[in-house]
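Let's go through this fold and ask how each label was earned. Have the model open while you read.

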Amino acid sequence: YSLRPEEFEEKVGKKLAGVNSYLAIPYPGQNGFRRFKLFPALIETDGKTRKYYQLPSTGNHLYALPVASESIKDLSCPLFVVEGEKKTALLTQLGKACIGLGGIWNWINGDTHQPLLDFDWVVWKGRITYLVPDSDFVVNDSIALAVYRLGRELERRGAVVRILKIPVLQGLEKTGIDDYLTSKTPPGK
């Protein structure tokens with residue numbers, strides 16, 4: 001659901017200067033946890049772009065839509081792990097068992113530096129699991145390290161891990177699975 005700046009300040013208790021609207025993304029089953037997509041994105045003082053916001057000290061969580069709960073439990077279905085809620089929703093809409101991360105490093109608890117407890121509600125042993133990072137993981141060492149460590153963690157839990165390498169689409173710096181699929185899929189398919 002969307003919020004105007006005055007609604008955001010009233011409901012969240014925070015004002016982010018320069019943001020015209022917010023898209024709230026609730027995490028089902030996570031006790032009211034939500035992240036907010038910012039429009040427009042903010043440019044931080046260090047030059048980095050902030051596209052999302054979440055309340056401080058709310059931690060990281062896995063994102064899964066309720067409609068995918070049965071396929072996530074079904075070990076015969078390959079499981080896709082993607083970075084981003086919109087990508088998770090797209091793959092779920094396409095009938096894939098999918099869970100999402102709020103960011104490529106958001107599979108780790110920020111306080112303990114251990115994997116999220118949310119991973120315990122997924123049966124990994126013997127599960128074909130596709131990690132689907134954005135295309136820039138091959139040129140960004142930090143992202144590549146996050147993908148590698150996540151893959152190792154899931155292998156430790158018994159998953160059979162594969163990494164899907166998304167090609168960079170012409171005109172883009174990086175390509176996500178959502179960009180790739182929507183560029184290749186006719187409308188309505």
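Q: What makes β5-β7-β6-β8-β9 an open sheet, and what is the sense of its pairing?
A: Five strands line up in that order, with mixed pairing. Two strands count as paired if DSSP finds at least two bridges between them. The edge strands are β5 (62-63) and β9 (160-163), and each pairs on one side only. This is a predicted model, where local features need pLDDT of at least 70 and side-chain atom pairs count only at pLDDT 80 or more, while totals for chains, interfaces and linings use all residues. Residues are numbered from 1 along each chain as its sequence is written, and side-chain values use heavy atoms, with hydrogens and water left out.

Q: How do you know that β6 and β8 pair, and in which sense?
A: Four bridges link β6 (residues 79-83) to β8 (residues 128-132), and the sense is parallel. At least two bridges are required, so the pair qualifies. One place to look is L79, whose bridge partner in β8 is T129.

Q: What about the sheet β1-β2-β3-β4: why is one side of β1 and of β4 left without a neighbour?
A: That sheet is open, has four strands in the order β1-β2-β3-β4, and is antiparallel. β1 and β4 sit at the edges with a single partner strand each, so one side of each has no neighbour in the sheet.

Q: How many bridges hold each antiparallel pair there?
A: Two join β1 (residues 2-3) to β2, six join β2 (residues 21-26) to β3 (residues 34-43), and four join β3 to β4 (residues 49-53). You can trace a path across the strands: S2 stands opposite L23 in β2, L23 has K37 as its bridge partner in β3, and K37 is in turn bridged to Y52 in β4. Elsewhere, S21 faces F39 in β3.

Q: Which residue takes a positive phi in the hairpin of β3 and β4?
A: G47 does, with phi near 90°, and the hairpin has five residues between the strands.

Q: What gets counted as a helix or a strand, and how many of each are there?
A: Both are DSSP runs numbered from the N terminus: helices are H or I with at least four residues, strands are E with at least two. On that basis the chain has five helices and nine strands. From the N terminus on, they run β-α-β-β-β-β-α-β-α-β-β-α-β-α.

Q: Why is the chain called as compact as a globular protein of its length?
A: The radius of gyration, taken over C-alpha atoms, is set against the globule rule, 2.2 Å times the number of residues to the power 0.38. The chain comes out at 17 Å, close to the 16 Å the rule gives for 189 residues, so the label fits. Its C-alpha atoms fill a box of roughly 50 × 40 × 35 Å along the principal axes.

Q: How much of the chain is buried?
A: Buried means under 20% relative accessible area (1.4 Å probe, protein chains only), and 42% of the 189 residues are buried.

Q: What share of contacts joins residues at least 24 apart?
A: A contact means heavy atoms within 4.5 Å. Among contacts between residues at least 6 apart in sequence, the share is 55%.

Note on methods
Buried < 20%, exposed > 50% of the residue type's maximum accessible area, 1.4 Å probe, protein only.
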